[in-house]
Amino acid sequence: MTTQRNDAAVLSGRGLVKRYGTQHALAGVDIDVQPGEAIAIVGPSGSGKTSLLHILGGIIRADEGEIFLGGQRIDQLSERKRSELRRRDFGFVFQQGMLVDELTAEENVALPMLLGGTGRRQALAAARDWLARLGLDGRGGSRPGELSGGQAQRVAIARALTHRPKVIFADEPTGALDTRTGKDTMDALLVAAADAGASVLIVTHDRELAQSLPRTVTIRDGRVHATAVGAVA
Ligand SMILES: Nc1ncnc2c1ncn2[C@@H]1O[C@H](COP(=O)(O)OP(=O)(O)OP(=O)(O)O)[C@@H](O)[C@H]1O
């Protein structure tokens, strides 16, 4: 049985279950993400955080449950529709930026727009704009190998935002960076997401980071264990 979705939410999951063999990665998760909201997802290793992120982001399918984007059910879409939706409505930032080494920073950022059918000139202009907002003015011609870890992650953030997605999914986005760079990069992500009006779901092991976000959802054994609202900004 599923419970009512929250109509104000941009993204809702209801009764999400994911099994690997006999193991439950998710054992029935309900979650609502409000427009423009930033949420930290925390919990012990293996508790189901990444599974939840990947299911909400349409990367993998749940075995049970429902997902709504702007009130519309999206978990039953075909692979092709889901892939379209991921490209149009979602942005992803992973621990390693997953940039294309052969492309410049600008081309990397423009890629989702180009794949979505935006013209090259317009996509590259938008890419330059977002790189500048993320403090990478003038670095658009650099290839990933020529950038520091923090700079490369800002390129990945710009790439996740350029097409103005509704929700950004970030899995340990600063996990490969030193503390200072990680904090700066996270601040850049949050400011840029707010600028774009995107909600952000961030999986993190970093307690300090989690506490700096307005809402923290703790996952334990595949279930929502606790939700803390109103952490110090
Ligand atoms: N592709 C897979 N095949 C089999 N088991 C998996 C797979 N992906 C995840 N699991 C299992 O599901 C459970 C939840 O994994 P998940 O990666 O979601 O946890 P997590 O909280 O993100 O962990 P971590 O903090 O270590 O990244 C774990 O027990 C994991 O071993």
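## Close-up views of the predicted model

**View 1. Make-up of the shell around the ligand.** Sorted by class, two nonpolar, eight polar and one charged residues form the shell around the ligand. The model is predicted.

**View 2. Residues and elements of the ligand shell.** The ligand is surrounded by Tyr20, Gln23, Ala25, Gly43, Ser45, Gly46, Ser47, Gly48, Lys49, Thr50 and Ser51. Two or more of these residues come from each of β2 (23–33) and α1 (49–56). The most is given by α1, which supplies three residues to the shell.

**View 3. Val200 and its surroundings.** Val200 sits in strand β8, which covers residues 199–203. Val200 counts as buried because 26 C-beta neighbours lie inside 10 Å, and the cut-off for a buried residue is 20 or more. Leaving out residues up to four places away in sequence, Val200 touches Ala38, Ile168, Ala170, Leu190 and Ala193.

**View 4. Val200 and a residue of the ligand shell.** Lys49 is one of the residues around the ligand. Between Val200 and Lys49 there are 14 Å in space, C-alpha to C-alpha, and the two are 151 residues apart in sequence.

**View 5. The protein chain as the setting for the close-ups.** Seven helices and ten strands make up the secondary structure of the protein chain. Its C-alpha atoms fill a box of roughly 50 × 40 × 35 Å along the principal axes. The radius of gyration of the protein chain is 17 Å, which agrees with the value near 17 Å for a compact globule with 233 residues. Of the 233 residues, 43% count as buried. Among contacts with a separation of 6 or more, 69% are between residues 24 or more positions apart.

Definitions and conventions
Residues are numbered from 1 along each chain as its sequence is written. This is a predicted model: local features need pLDDT of at least 70, side-chain atom pairs count only at pLDDT 80 or more; totals for chains, interfaces and linings use all residues. A residue is near a molecule or strand if its C-beta atom, placed from the backbone, lies within 6 Å of it. Helices (H or I, at least four residues) and strands (E, at least two) are DSSP runs, numbered from the N terminus. Ala, Val, Leu, Ile, Met, Phe, Trp, Tyr, Cys and Pro count as nonpolar, Asp, Glu, Lys and Arg as charged, and the others, Gly among them, as polar. The radius of gyration is taken over C-alpha atoms; the globule rule is 2.2 Å times the number of residues to the power 0.38. A residue is buried if 20 or more other C-beta atoms lie within 10 Å of its own, exposed if 12 or fewer, and partly exposed in between; C-beta atoms are placed from the backbone. Two residues are in contact if their C-beta atoms, placed from the backbone, lie within 7 Å.
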